[in-house]
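Colleague: Could you walk me through the labels on this model? I would like to hear the reasoning behind each one.

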Amino acid sequence: MSTRAKMTRVSATKALMIAALAALAFHTAAAQYNNAKVSAGAKTKTEGAAEAAAGSSNTPEVAKTLQAAAEAVGLARWSGVGGQRLPEVDVITTMEIWGSGTTYGQGQSYKPGEPWPAFKTDYHAALDYNPPAMRVEMTRTNPNAPVQSGATPQHTFQVVRDKYAWDESEIGAGLVPGKGTATPAMETVNNRLLQLWILPYGVIKAALAAGDKTRTSTENGATVLTFPLSGQLAGVMVKATLDAQNMVAKVETRTDNPALADLLTETEYSDYADHGEILTDVKSPGHIVRKQGGHPVLDIQVKMVDANNPYLVFPVPENVKKAAAR
């Protein structure tokens with residue numbers, strides 16, 4: 001890594017520490033959903049994260065579970081200077097994830113009855129929870145595919161922000177005339193947003209934002225959280241299973257709305273560790289396996305995570321805004 005890149009990461013670490021002192025516990029969870037009924041963010045001006053969760057959840061057990069999950073993954077921290085103890089804060093807003101493994105082409109296989117085509121994939125996701133946004137960069141190769149069907153590596157950028165989704169020919173495409181192409185992909189908005197909220201950090205934030213609609217139970221000795229998503233993903237229910245260390249181990253999404261049938265997913269997370277080049281105590285899964293509609297779509301080994309709130313922006317190109325307005 002270049003000296004400049006390392007200096008940038010160190011600066012980001014310092015910025016994170018400063019931001020943490022000023023942050024409100026789980027404020028981003030309430031803000032990103034823009035739901036006036038969720039009061040967790042306001043309550044944490046004077047109270048800790050556990051008290052905030054208790055005030056917006058149906059039982060103290062839900063509050064206890066949410067706090068344990070947030071602290072286990074490193075999302076929630078107590079902060080203070082000179083021995084002073086300030087409210088617990090949410091230290092994750094932006095993040096980058098690098099990994100490699102296998103992704104699968106969604107839709108028909110090359111031949112009827114065969115599995116979806118598998119691609120050897122280099123994976124890079126940049127994400128933001130306020131506002132909710134995500135850019136997934138993938139370089140994919142299928143050595144078994146016919147040449148005309150995709151044996152040549154495919155390099156793609158799939159982006160979502162709020163109610164907008166588009167594909168980029170390069171990062172920032174479509175923002176400056178003559179610099180790349182941004183292709184509207186509005187039909188993928190829900191699917192791409194869901195990828196953001198079913199990550200372990202998104203699960204905890206969304207469970208808190210769901211307030212008294214969040215429930216906890218025990219299945220086969222494991223703690224389970226269930227709650228509805230809102231906004232663009234209203235109508236989707238999330239079931240998150242925690243492991244013995246209170247890490248999010250499995251996330252399932254369900255819906256009774258036929259129009260959202262493509263949002264039926266099952267994701268497993270394992271091998272949690274601090275994968276940062278600069279250690280932050282934020283734990284991230286080392287292995288991510290996802291199925292959609294019963295079909296495998298992603299199997300990634302995580303190589304590195306930048307959880308130091310890297311500077312990431314997701315401006316929406318004008319042609320994408322116009323396409324969404326039509």
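Modeller: Happy to; we can start with the chain as a whole and then take single residues. Please keep in mind that this is a predicted model.

Colleague: Good. What does the secondary structure of the protein chain come to, and how much of the chain counts as buried?

Modeller: The chain has nine helices and 15 strands. Of its 326 residues, 48% count as buried. The accessible surface is about 15700 Å², and carbon and sulfur atoms hold 53% of that. Among contacts with a separation of 6 or more, 52% join residues 24 or more positions apart.

Colleague: What makes the pair of aspartate 90 and lysine 205 a salt bridge?

Modeller: Here N and O are 2.6 Å apart, and the cut-off is 4 Å between a side-chain nitrogen of Lys or Arg and a carboxyl oxygen of Asp or Glu. The pair therefore meets the definition. Aspartate 90 sits in strand E2 (residues 86–90) and lysine 205 in helix H8 (residues 200–209), so the bridge ties together parts 115 residues apart in sequence. Aspartate 90 and lysine 205 are both buried. The whole structure has nine salt bridges.

Colleague: What about lysine 239 and glutamate 219: why is that pair called a salt bridge?

Modeller: Their closest N and O atoms are 3.0 Å apart, and the limit is 4 Å, so the name applies. Lysine 239 belongs to strand E11 (residues 236–242) and glutamate 219 to strand E9, so this bridge links parts 20 residues apart in sequence.

Colleague: And why are lysine 239 and glutamate 219 called partly exposed?

Modeller: The band for that label lies between 20% and 50% relative accessible area. Lysine 239 has 24%, so it counts as partly exposed. Glutamate 219 has 35%, so it gets that label too.

Colleague: How do you know that arginine 140 has no salt bridge?

Modeller: The nearest side chain of opposite charge belongs to aspartate 167, and it is 11 Å away. A salt bridge needs N and O within 4 Å, so that distance rules one out. Arginine 140 is nevertheless buried, and it is found in strand E5.

Colleague: What does the side chain of arginine 140 make a polar contact with?

Modeller: The partner is the side chain of threonine 103, at 3.3 Å. The cut-off for a polar contact is 3.5 Å, so this pair falls within it. Arginine 140 also touches other residues, including Tyr104, Phe119, Lys120 and Gln154.

Colleague: Let us turn to the backbone. What makes aspartate 162 stand out?

Modeller: Aspartate 162 has a positive phi of about 50° although it is not a glycine. Its place is the loop between strand E6 (154–161) and strand E7 (164–168). At 30% relative accessibility, it counts as partly exposed. Aspartate 162 also forms a salt bridge with arginine 161, with the closest N and O atoms 3.6 Å apart.

Colleague: Why is asparagine 220 called exposed?

Modeller: Exposed means over 50%, and asparagine 220 reaches 86%, so the label follows. Its phi is near 55°, a positive value in a residue other than glycine. Asparagine 220 lies in the loop between strand E9 (215–219) and strand E10 (222–228).

Colleague: Last one: what kind of peptide bond joins asparagine 130 and proline 131?

Modeller: A cis bond, with omega at about 0°. Proline 131 lies in the loop between strand E4 (118–129) and strand E5 (132–141).

Note on methods
Residues are numbered from 1 along each chain as its sequence is written. This is a predicted model: local features need pLDDT of at least 70, side-chain atom pairs count only at pLDDT 80 or more; totals for chains, interfaces and linings use all residues. Side-chain values use heavy atoms; hydrogens and water are left out. Helices (H or I, at least four residues) and strands (E, at least two) are DSSP runs, numbered from the N terminus. Buried means under 20% relative accessible area, exposed over 50%, partly exposed in between (1.4 Å probe, protein chains only). Lys and Arg count as positive and Asp and Glu as negative; His and the chain ends are not counted. A polar contact is a pair of N or O atoms within 3.5 Å; within protein, one must be able to donate a hydrogen and the other to accept it, and residues adjacent in sequence count only if both atoms are side-chain atoms. Contact means heavy atoms within 4.5 Å. Accessible areas come from the Shrake-Rupley method with a 1.4 Å probe; for residues, only the protein chains shown count as cover. Lists of a residue's contacts leave out its neighbours within four places in sequence.
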